[in-house]
Amino acid sequence: MDILNMTALELGKAIKEKKLTAVEAVEAVIANIEAKDKDINAYISLNKEQALARAKEVDEKIAKGELTSALAGVPIAVKDNICTKDLKTCCASKILGDFAPVYNATVAEKLEEAGAIVLGKLNMDEFAMGSTSETSYYGSVKNPWDKTKVPGGSSGGSAAAVAAKEAVIALGTDTGGSIRQPASYCGVTGFKPTYGTVSRFGLIAYASSLDQIGPIAKDTADCAAIMDIIAGKDERDGTSLDLEKTDYLANLSSDVKGMKIGLPKECFETEGLDHEVAKSVKAVAEKLEEAGAIVEEISLPFLKFVIPTYYIIASAEASSNLSRFDGIRYGFRTENYDGLADLYNATRSEGFGKEVKKRILLGTFVLSSGYYDAYYRKALKVKAVIKAKFDEIFEKYDLIICPTAPSTAPKLDSSLKDPMKMYLSDIFTVSANIAGLPGLNVPCGFDASGMPIGAQIMGQALSEQKVLNAGYAFQSMTDFHKKMPEVM
């Protein structure tokens, strides 16, 4: 069987039907990682021996009928800011060194209970701060479609691993588009759930009010399957929502008749939007219209405010969250220091990368006396206005469709030389995080150089099923999501 080209659901079904074993699936994916990842650099750590031992155990439990999940036996990889017990978790940063948590994040616990097998930890922008996966202490991740280009970020390792068939499915995190944008650049499907639907316990925080864990996979059905596993209330996360048990996969439908979809005119008038991207994204709306949806132009008048609002809030929260990394309790500690204050300063100066230090400084500035009201408090007020405007829109419309990113993947090093361009690559994605909304990237075409294009489908808070159904409907009518790069 062609294990590497199977979706997670196809692989799980084949394992249950004893057409192959979990051990064979893990061996196939690990062999592909060992053959290709030296060029892609999607993994920071590979959990080879433990994964094979776990696969053997899972095969035995499936045989006994103890594991019935749709993804039992399926190899999965996890972004390196999600805690995994006794497995290195360093946020792609020098400052955490070889830190191995003594506990699992809730999502890792749930995956283990379902019988999924964690292959290893995926590369990323350091502390999830970046849009290209070039700020990692462990080196840049490469885009499997063109290794001279970035895979997007910060979940670039997650998207690249799925695209290069180095993981059947992966977990990423999304603070301002960090699942959807790399999924767009790498031609895979990525889903950011409503804030609070998936526990953040065990996620090493960047911006606590914006961060959300979600899946990156080959298609929407796989995303629905993993959401069934990881979604739900967690008493250890105070922001976790107490929702009724949902079954996203069982309720997945390609019926979009009567669904009202808004196309935001400001998105398609944005300076820097590639015409090939605009054309491919509008074609998604046209396909859904053919299937019975109603598509109308709408306005997002706040679009020009989303980037400054996002970066003020995210940097402020990062400044607070990263203050715990000081060289005292765990991780890297500088060798030469004179007193406690110098230990803090030298450890953090040597341990954090340039982008992280830049955002800590910005966050500290906007929280400082004299500037708090002018920047941070004002950003929170704008955040409330954006959320209220979305509420108005979703009283009339079921979904919004827009580009995921203004262009296809840029060249390596080009964004770091022009940080403003990198920040603006998030212009279409950050509003979903500011308002806590679900968003899905679906592959929808290719540019003239053969690089993938992604469309973003957004819905009202807790409308996961509508968003997934629209993505499923589009993928039922097209095959963009089935095209994968040939990584040599």
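**Two pockets in a predicted model**

The largest pocket of this predicted model has a volume of about 390 Å³.

Q: Which residues lie closest to the centre of the largest pocket, and what makes them lining residues?
A: The closest are Asn-47, Gln-50, Lys-85, Glu-112 and Val-118, out of 17 residues that line this pocket. They count as lining because a lining residue has an atom within 4 Å of a point of the pocket.

Q: How do you know which helix supplies the largest share of the lining of the largest pocket?
A: Look at where the residues come from: helix 3 supplies 5 residues, the largest share. Helix 3 (48–63), helix 4 (106–114) and strand 3 (117–122) each give at least two residues to this lining.

Q: Why is Val-118 called nonpolar, while Glu-112 is called charged?
A: Val is on the list of nonpolar residues and Glu is on the charged list, so the two names follow from the residue types. The whole lining of the largest pocket divides into 8 nonpolar, 4 polar and 5 charged residues.

Now for the second largest pocket.

Q: How much space lies in the second largest pocket, and which residues are nearest its centre?
A: About 310 Å³ lies in it. Of its 17 lining residues, Gly-272, Pro-406, Lys-421, Leu-424 and Ser-425 are nearest the centre.

Q: Why is Gly-272 counted as polar?
A: Gly is placed with the polar residues by definition, so Gly-272 is polar here. The lining of the second largest pocket has 6 nonpolar, 9 polar and 2 charged residues.

Q: Which helix gives the largest share of the second largest pocket's lining?
A: Helix 15, with 3 residues.

Technical notes. Residues numbered from 1 in each chain as written. Predicted model: local features only at pLDDT ≥ 70, side-chain atom pairs only at ≥ 80, totals over all residues. Heavy atoms only, no water. 1 Å grid on protein atoms, 1.4 Å probe; cavity = no way out; pocket = protein on both sides within 12 Å on 5 of 7 lines; lining within 4 Å. Points joined across faces, edges and corners; volume = space filled by probe spheres on them. Helix = DSSP H or I, 4+ residues; strand = E, 2+ residues; numbered from the N terminus.
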